[in-house]
Amino acid sequence: MSFVGCSAAKRGCRSVKDYLEGKSKERIGIGMQTVSPDIGDPEHWDVEMDDIRECWCKNKPGQRTYYHFVLSTEKQDSPNYTPEVIHDMGVKFIEIISQNGKFAWIADTHTPATDKAFKERRHEKVNQNMHTHMIMNAVATDTGEKFHLDREDIKKYKKLAEDLAHEYGLKSFIDITEEKSNWKNRMSANLEEVFSRNDIFSRNDMDEALKVKGLEISRITGTGTVTYKDSDNHKMKSSRMKNFDDDSINRLIARNKYARMKAQQLQKEKQEAAAKGKARMMAEKQREQEERNIQQIKKKKQYRHDFSR
């Protein structure tokens, strides 16, 4: 997912440099790094940032030493979605936040391939989005001024990320969030319709009903969680929705089978009742016919008797 992240540290820059370069040493894809102009030795930017704080006597234990920003951009169908564009956007982002270089910074952009070997070695999930790490010193290079950050600033930075995304021809973080909300709502609505059907009597029927809505089941866990996938390869787990897990599917099938059985039983009873009613009516007609025959015979006998006299 796309997001803007920010955290403050209270330790030297060596640890975050090791973290970033831990990936760099095993990079398979593109990895780009840019440092602010006031960093004289890009290879040792961590030492220079620490020296700046030490020079201004603002490197004591417990004090904030640097800020770590992350600008992560979800994969999207756009010709502008390239490592170079993502990196340029990250550089512009940190240039503005650092007040045009008042605070020293570095920007390091990674791709999924960049992270692959490093993450797999540590048994961590690979970040599938291109993203830029930005490290900014907490003390101004020329004045020794401390950088201050509050909640309102974070809101401004998120707005800045939105504006930059539009400027670089990319979907903004809000646009992507709204799109996610839209496809999730569509998927939930389609599942509601599927689970309200009364003609699903088997798993095959369920698969066909989902297919009509452009959905399919991609996975069912041992605990009964179902992952649904739409035609655009969006996925959502039943645990994030209501009543769409494996037990719900079983209940739907059982409910429809029971309803069908009751309907068939009722139909059979109606047919049997109709057959019995027809038989009674035929028997009644037969008795009436027999009664008429008897009356006719009696009339004939009476007629003969009268005639013989």
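1. A useful place to enter this predicted model is a pair of charged side chains, Glu152 and Lys155, which meet in a salt bridge with an N to O distance of 3.6 Å. Both residues belong to helix H5, where they stand three residues apart, or about one turn of the helix. Glu152 is partly exposed, its relative accessible area being 46%, while Lys155 has a relative accessible area of 54% and is exposed.

2. The start of helix H5 holds a further detail that involves Glu152, since a side-chain oxygen of Asp150 comes to within 3.1 Å of the backbone nitrogen of Glu152. Beyond the helix comes Gly169, which follows H5 and has a positive phi, near 75°.

3. Does the length of H5 agree or disagree with what its residue count would suggest? With 17 residues, at 1.5 Å a residue, H5 should span 24 Å, and because its end C-alpha atoms lie 25 Å apart, the two values agree. Several residues of this helix are buried, namely Asp153, Tyr157, Leu160, Ala161, Glu162, Leu164 and Ala165.

4. Helix H5 also takes part in the largest nonpolar core, which is made of 27 residues and in which Phe69, Phe93, Ile97 and Met136 have the most contacts. At least two core residues come from each of strand S3 (66-73), helix H3 (83-97), strand S4 (105-110), strand S5 (130-137) and helix H5 (151-167). Of these elements, H3 gives the largest share of the core, with seven residues. As a general matter, nonpolar side chains in soluble globular proteins tend to be buried together.

5. Which residues does Ile97 touch, once its neighbours within four places in sequence are left aside? Ile97 is then in contact with Phe69, Met136, Phe147, Tyr157 and Leu160. Apart from this core there lies another one, of 18 residues, which includes Met187, Val194, Ile200 and Tyr228.

6. Helices H3 and H5 are also connected through charged side chains, for Lys92 and Glu167 meet in a salt bridge with an N to O distance of 2.5 Å. This pair links distant parts of the chain, with Lys92 in helix H3 and Glu167 in helix H5, 75 residues apart. Both ends of the pair fall into one class of accessibility, as Lys92 is partly exposed at 29% relative accessibility and Glu167 is partly exposed at 48%.

7. A search of the whole structure finds ten salt bridges, and one that deserves a look is the pair formed by the side chains of Arg14 and Asp18, at 3.0 Å from N to O. The two residues are four apart in helix H1 (residues 14-24), so that about one helical turn separates them. Arg14 counts as exposed, with 54% relative accessibility, whereas Asp18, with a relative accessible area of 40%, is partly exposed.

8. Lys229, which is placed in strand S7 (residues 226-230), calls for a careful look, because a residue with under 20% relative accessible area is classed as buried and Lys229 is buried yet has no salt bridge. The nearest side chain of opposite charge is that of Glu216, 4.2 Å away, and a salt bridge is counted only within 4 Å. With neighbours within four places in sequence left aside, Lys229 is in contact with Met187, Gly214, Leu215, Glu216, Ser218, His234 and Lys235. Among these contacts, Met187 is also one of the residues of the 18-residue core.

Key: Residues numbered from 1 in each chain as written. Predicted model: local features only at pLDDT ≥ 70, side-chain atom pairs only at ≥ 80, totals over all residues. Heavy atoms only, no water. Core = buried A, V, L, I, M, F, W, Y, C linked by side-chain atoms within 4.5 Å. Buried < 20%, exposed > 50% of the residue type's maximum accessible area, 1.4 Å probe, protein only. Contact = heavy atoms within 4.5 Å. Lys, Arg positive; Asp, Glu negative; His and termini not counted. Expected span 1.5 Å × (residues − 1). Polar contact = N/O pair within 3.5 Å; in protein donor to acceptor, adjacent residues only side chain to side chain.
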